[in-house]
Amino acid sequence: MPRQHNQQRQQPQREAAAFEVEVIPGLEDIAGQELQRSLGRHMVREPIVREGLLPIRYAGERTALLGLATVLAVYERHHFAIPRPKALLGQSAFDTLLRAIETVRALHPRDAFQTLRISAAGEESSVLVRLREQLANATGLAYVAEEGNLLLRLRRPLDARKEATQGSDPGWEVLIRLSPRPLSARRWRVCNLPGALNASVAHAMALLTQPHADDVVLNLACGSASLLIERLAAASARIAVGCDMDGGALECARANVAASGADGIRLELWDAGALPTPDAWVDAVLADLPFGQLVGSHERNLELYPRILREAARVTVAGGLFAAITQDIRLWERLVADAAADWTLRQLLPIKLPFGGGHLRPRIYVLQRKGLDGHIF
Ligand SMILES: C[S@@+](CC[C@H](N)C(=O)[O-])C[C@H]1O[C@@H](n2cnc3c(N)ncnc32)[C@H](O)[C@@H]1O
């Protein structure tokens with residue numbers, strides 16, 4: 001068939017808009033793979049210029065961006081060819097901004113957005129105070145200094161230096177978050193345990209175990225069940241069990257599991273270092289180990305980690321995968337090296353977790369259980 005005829009029969013292509021996908025630094029590859037799987041041919045990746053930010057052009061439905069599970073948030077990126085933020089107060093730029101905000105609000109029920117926040121360098125300057133007052137006025141949203149539902153970021157383009165060296169003004173960008181809360185703030189988290197794992201990290205770890213509907217999955221030291229719930233969001237499982245020594249954490253886990261609607265998760269008051277389960281029973285093990293800071297201590301880890309690693313080796317089938325995250329890196333890496341007869345280290349992902357205004361730098365380890373004769377899969 002002639003090519004031209006083919007093109008005539010295609011749906012008219014919607015123009016690609018610019019978006020920025022925010023992810024936990026270190027998870028760019030996993031998130032990039034999810035973008036490719038979920039958005040496919042409607043999406044084109046652009047070069048990454050800052051860690052944790054994936055710029056894309058996307059011509060599909062915006063609602064598809066709201067279902068991404070390994071990302072923190074998605075922003076629509078609008079470029080304004082203006083020399084200073086003050087120009088956003090001009091009629092034409094301001095109207096463009098209001099239309100962009102309306103596009104985002106239309107993705108959600110009308111009452112989903114109550115508050116507005118603008119994040120920018122110098123956000124208390126008279127121009128930005130005027131801008132937020134006018135936006136609050138025009139949108140009917142209340143301005144808040146932190147955690148607004150409608151979140152706008154104002155900044156120079158990240159690759160501005162390129163334009164500046166070519167002698168032209170790079171302009172300004174306004175990024176509008178597509179959701180009233182970060183996408184990593186899941187609806188199922190009705191019980192918020194201190195030290196609980198960020199859900200986008202939990203989802204990424206679940207994917208690293210190559211989930212299959214036939215798996216027996218064990219979440220050691222499960223706390224509020226973030227890993228188990230995200231594992232079942234990624235794929236169903238034959239059996240899914242979580243264990244923790246803390247009855248209060250398990251209560252929290254029960255509430256979250258009920259809110260998630262996931263079926264068949266078992267939660268048990270077991271010591272992760274002495275499990276009452278048979279040998280070679282589990283296909284995939286997940287663990288967000290006590291980092292030894294907010295949860296547990298390095299001294300307790302010295303006793304706990306070797307027991308957990310040994311017990312995981314006992315219960316995991318040959319070829320099975322164990323995804324663990326910890327910040328007690330030296331201890332865990334020494335133990336993994338010592339356990340080379342049982343495990344092959346398949347992947348190591350250093351990540352940067354936002355914490356209290358700074359960052360934690362834990363690592364995700366994917367281990368694969370060797371066969372009885374040391375066979376590597
Ligand atoms: C970092 S928290 C896990 C948080 C969990 N990923 C979440 O999102 O809520 C570590 C958990 O290890 C549990 N824990 C510590 N020692 C344990 C042991 N010997 N057996 C089972 N769980 C243990 C603690 O009770 C705590 O809930």
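Mentor: Let's start with a definition: two strands count as a pair when DSSP finds at least two bridges between them. Keep in mind that we're looking at a predicted model. Now take S7 and S8, which are joined by 4 bridges and run antiparallel. Across that pairing, Leu-154 faces Val-174 of S8.

Trainee: Okay, which strands make up the open sheet, and in what order?

Mentor: Reading across, you get S2-S3-S1-S4-S8-S7-S5-S6, an open sheet of 8 strands with mixed pairing. S2 (43-45) and S6 (142-143) are the edge strands; each has a single partner, so one side of each has no neighbour in the sheet.

Trainee: Where do I see the mixed pairing?

Mentor: Walk through the middle. S4 (residues 73-80) pairs with S8 (residues 172-177) through 6 bridges in the antiparallel sense, and there Arg-77 sits opposite Leu-175 of S8. Then compare S5 (residues 115-120) and S7 (residues 150-155): these pair in the parallel sense, over 5 bridges. Ser-119 is the residue opposite Arg-153 of S7.

Trainee: And the side chains along a strand like that?

Mentor: In a regular strand they alternate between the two faces of the sheet.

Trainee: Let's move to helices. How many residues does H9 have, and what span should they give?

Mentor: Helix H9 covers residues 298-315, which is 18 residues, and at 1.5 Å a residue the expected span is 26 Å. The end C-alpha atoms lie 25 Å apart, so the two values agree.

Trainee: Where does H9 bend?

Mentor: At Leu-304, by about 30°. There's also a proline, Pro-306, following within four residues.

Trainee: How do I think about which side of a helix is covered?

Mentor: An α-helix has 3.6 residues a turn, so residues three or four places apart point the same way. Now look at the buried residues of H9: Asn-301, Leu-304, Tyr-305, Ile-308, Leu-309, Glu-311, Ala-312, Ala-313 and Val-315.

Trainee: What covers the buried residues of H9?

Mentor: Quite a mix of elements. The cover includes the strands S9 (216-220), S12 (282-288), S13 (316-326), S14 (343-350) and S17 (363-369), along with helix H10 (329-338).

Trainee: S13 begins right after H9. How many residues of S13 are buried?

Mentor: 8 of its 11, so S13 is largely enclosed by the rest of the structure. Check its partners too: S12 runs parallel to S13, with 6 bridges between them, and Val-282 is opposite Thr-316 of S13. With S17 the bridges also number 6, but that pairing is antiparallel. There, Leu-321 has Gln-368 of S17 as its bridge partner.

Trainee: What about backbone angles? I was told to look for positive phi.

Mentor: Most residues other than glycine have a negative phi. Two residues to look at here are Gln-210, with a positive phi of about 50°, and Ala-280, with phi near 40°.

Trainee: Where is Gln-210 placed, and where is Ala-280?

Mentor: Both in loops. Gln-210 belongs to the one between helix H6 (199-208) and S9, while Ala-280 belongs to the one between strand S11 (265-268) and S12. Gln-210 has 14 other C-beta atoms within 10 Å, so it is partly exposed. Ala-280 has 15 within that distance and is also partly exposed.

Trainee: Why does Leu-128 count as partly exposed?

Mentor: Because it has 18 C-beta neighbours inside 10 Å, and a residue needs 20 or more to be called buried. Leu-128 lies in helix H4 (residues 126-139). Leaving out residues up to four places away in sequence, it touches Pro-85, Ile-118, Ala-120, Gly-122 and Glu-123. Leu-89 is 39 residues away from Leu-128 in sequence, yet their C-alpha atoms are 9.4 Å apart.

Trainee: Which residues come nearest to the ligand?

Mentor: Ala-221, Gly-223, Ser-224, Ser-226 and Asp-288, out of 21 around it. By type, that shell has 12 nonpolar, 5 polar and 4 charged residues.

Trainee: Last one: how do I sum up the whole chain?

Mentor: Count 10 helices and 17 strands, with 40% of the 377 residues buried. The C-alpha atoms fill a box of roughly 70 × 60 × 45 Å along the principal axes. For contacts between residues at least 6 apart in sequence, 73% link residues at least 24 apart.

Note on methods: Residues numbered from 1 in each chain as written. Predicted model: local features only at pLDDT ≥ 70, side-chain atom pairs only at ≥ 80, totals over all residues. Helix = DSSP H or I, 4+ residues; strand = E, 2+ residues; numbered from the N terminus. Expected span 1.5 Å × (residues − 1). Bend = angle between axes of the 7 residues up to and from the residue. Buried ≥ 20, exposed ≤ 12 C-beta atoms within 10 Å, placed from the backbone. Contact = placed C-beta atoms within 7 Å. Near = placed C-beta within 6 Å. Nonpolar A, V, L, I, M, F, W, Y, C, P; charged D, E, K, R; others polar.
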